[in-house]
Amino acid sequence: MTSSNYATPKWWKEAVVYQVYPASFKSSKPPSEADGWGDVRGMTAKVPYLKSLGVDVVWTSPIYKSPQVDMGYDISDYKEIDPRYGTMADVDLLIEALHKHNMKLMMDLVVTHTSDQHDWFIESARSKNSPKRDWYIWKPPREYDSVGNPLPPNNWAQILNDSHSAWTWSETTQEFYLTLHTPEQVDLNWENPDVVAAVHDVMHFWLSRGISGFRMDVINLISKDPSFPDAPVVDPSCQFQPGERFYTNGPRFHEFMHGIYENVLSGYDTMTVGETAYVSDISEIIKTVGATAKELNMIFIFDHMEIADVKTKGDSKWSLRDWKLTELKQIFSGWQRNMIEWDGWNALFLECHDQARSVSRYVDDSDKSRARGGKLLALWQSTLGGTLYLYQGQEIGMRNFSADWNPDVDYKDIESINFWQKTKRLYSDDPKQMKKARELLQKKARDHARSPMQWSDEPNAGFAASNMTPWMRVNDDFGTVNVKAQMECESQDLSVWQYWQLALRNRKTYKDVFVYGDYQDVDLDNEQIYAYLRTGAQTQQKWLVVMNWTGENVAWKIPGSLEVVWMASSSLQRSIAVGDGATIRLQAWEGVMMCCK
């Protein structure tokens, strides 16, 4: 397939997006009002900081009114701000501050489901004759068991708790309602035109207020198989089974997405990105992100986030295996080439609020190697084609907290809590299984992305007033891993923050190469070295990126077809002239970028 629009300049292609997790970013509250939560005013105070880093767009996770069962992804009012985060006036001031710095705000749009405390659902649940009854998905019991208990309409398991049914029972109306994530997050019925119109209204509300786009939460779950069949049994030991094949990219998904575009997005100059789990087929994805698709600008593809998962029957996120560098290269190289050849667009991300820290996932997060690994990842991400997404704390190489944290006390995420409670219920007398569960939490829990931002070595890492207890424990390493120390670093060896700032500047300077350029693998089968060649779309300028993905020094021969003009290192920032066909020696976790002829 021939590309026709891939290299066409768009502001959202060149933008650097920074995700804020509002509860953990920055609290502006004085000691007398401190409650342990970050807030909108704290975000506004850090706008100059983000500008200095090189950020263009701030994406905030939900700040809408919410009971916070799933940290704001359970929304009870789309047009109000949760009091713990501030007021609508605070959001207006944030938008104003961003615009003054030539920056934009992107909101999290969660419209596959609402909170069970949303007025829509309260009305829907009142009676079978409610005018909003069909705004949600209600079904009678499949049957009743021998003692009269109602059985769910099918065997689907909850996404965040696979021990439970995806259906929740209503005593009031004697029917089940669909709750794919938690019992408190009720799936909207997109088959109802009134629901679609209400979602469009919410989007117009925020776009007209001055935001510049949306990240759309699990958006490809809005269309379900209308027959709601049982899912295949992949784990006979479980009562409920994963049913994603029946609610992912369903029969009307593209129709609904095209409707969003035609009725809302086409009237604004927006940036849109979809969270679309369970899909990796380029022919399906391009229907959403193709240059002429008229749905979304880009989506998050999760292949690299699942690289350590065991892909066998009955296994899930809560599994772990060793992976090879060639597997990681094949994932990223595949999507780089796919989007060029199919005329789509990549969303480049290594971290988000739902994933563990990248230095703990892909490199070595030990005290000795954490900074080197963080800079290697910065070099990698900033030299790939697509729109770059940076998650709070990634710019200083924040890592997973330690294995000695207590799952019963220190972990706050509902998914982690459900997994730990299930493990205790099944294996409390099995020390080996309990140890394994703790290891999985330390490697994969979403909590690692949610600990408070480490601004300084002051109490609470400068996140909030020292007289209060943050809603979540601060990572123990904040005394040495923090923004202040890294911004003020005067060593010849740049800090992770300083390197990110430089990397983002280089990306914008050479955007013809790194944003819009061609991508070609070099030495794809090498299990130590990750290398690729980027070539400018207009200038034809060539840059070779070479990274040592090991903890040992490695020698690598530059292809004889390339003449290197100069080279910069992620570790030492040295500039070196090398000869044609030279062998370079890379230190542990060191990457280099080379301008070539």
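What share of the 597 residues in the protein chain is buried? In this predicted model, buried residues make up 61% of the chain. The secondary structure comprises 17 helices and 25 strands. Along the principal axes, the C-alpha atoms occupy a box of roughly 80 × 55 × 50 Å. The radius of gyration of the protein chain is 24 Å, which agrees with the value near 25 Å that a compact globule of 597 residues would have. Contacts across the sequence fit into this picture too: among those with a separation of 6 or more, 71% join residues 24 or more positions apart.

Turning to the surface, the accessible area of the protein chain comes to about 23,300 Å², and carbon and sulfur atoms account for 49% of that area. The chain carries 63 positive and 80 negative charges, and the mean positions of these two sets lie 4 Å apart.

A look at individual elements fills in the detail. Helix H8 spans residues 253–263, and its buried residues are Phe253, His254, Phe256, Met257, Gly259 and Ile260. An α-helix has 3.6 residues a turn, so residues three or four places apart point the same way. The cover over the buried residues of H8 includes two helices, H7 (193–209) and H9 (282–289), together with strand S13 (213–216).

Ser61 offers a good view of a buried loop position. This residue sits in the loop that links strand S2 (57–60) to strand S3 (64–65). Ser61 counts as buried because its relative accessible area is 1%, where the cut-off is under 20%. Beyond its neighbours within four places in sequence, Ser61 is in contact with Gln19, Val20, Tyr21 and Pro22, as well as with Tyr73, Asp108 and His353. With one of these partners, Tyr73, the contact is also polar: the side chains of Ser61 and Tyr73 make a polar contact at 3.2 Å.

Thr509 makes a helpful counterpart. This residue belongs to helix H16, which covers residues 496–509. Thr509 counts as exposed because its relative accessibility is 53%, with the cut-off at over 50%. A polar atom of the Thr509 side chain lies 2.9 Å from the backbone oxygen of Arg505. Trp380 is 129 residues away from Thr509 in sequence, and their C-alpha atoms are 16 Å apart in space. Taken together, the two sites show both sides of the model, with Ser61 buried and Thr509 exposed.

Notes
Residues numbered from 1 in each chain as written. Predicted model: local features only at pLDDT ≥ 70, side-chain atom pairs only at ≥ 80, totals over all residues. Heavy atoms only, no water. Helix = DSSP H or I, 4+ residues; strand = E, 2+ residues; numbered from the N terminus. Buried < 20%, exposed > 50% of the residue type's maximum accessible area, 1.4 Å probe, protein only. Polar contact = N/O pair within 3.5 Å; in protein donor to acceptor, adjacent residues only side chain to side chain. Contact = heavy atoms within 4.5 Å. Rg over C-alpha atoms; globule rule 2.2 N^0.38 Å. Areas by Shrake-Rupley, 256 points an atom, 1.4 Å probe, with all protein chains shown as cover. Lys, Arg positive; Asp, Glu negative; His and termini not counted. Charge placed at Lys NZ, Arg CZ, Asp CG, Glu CD.
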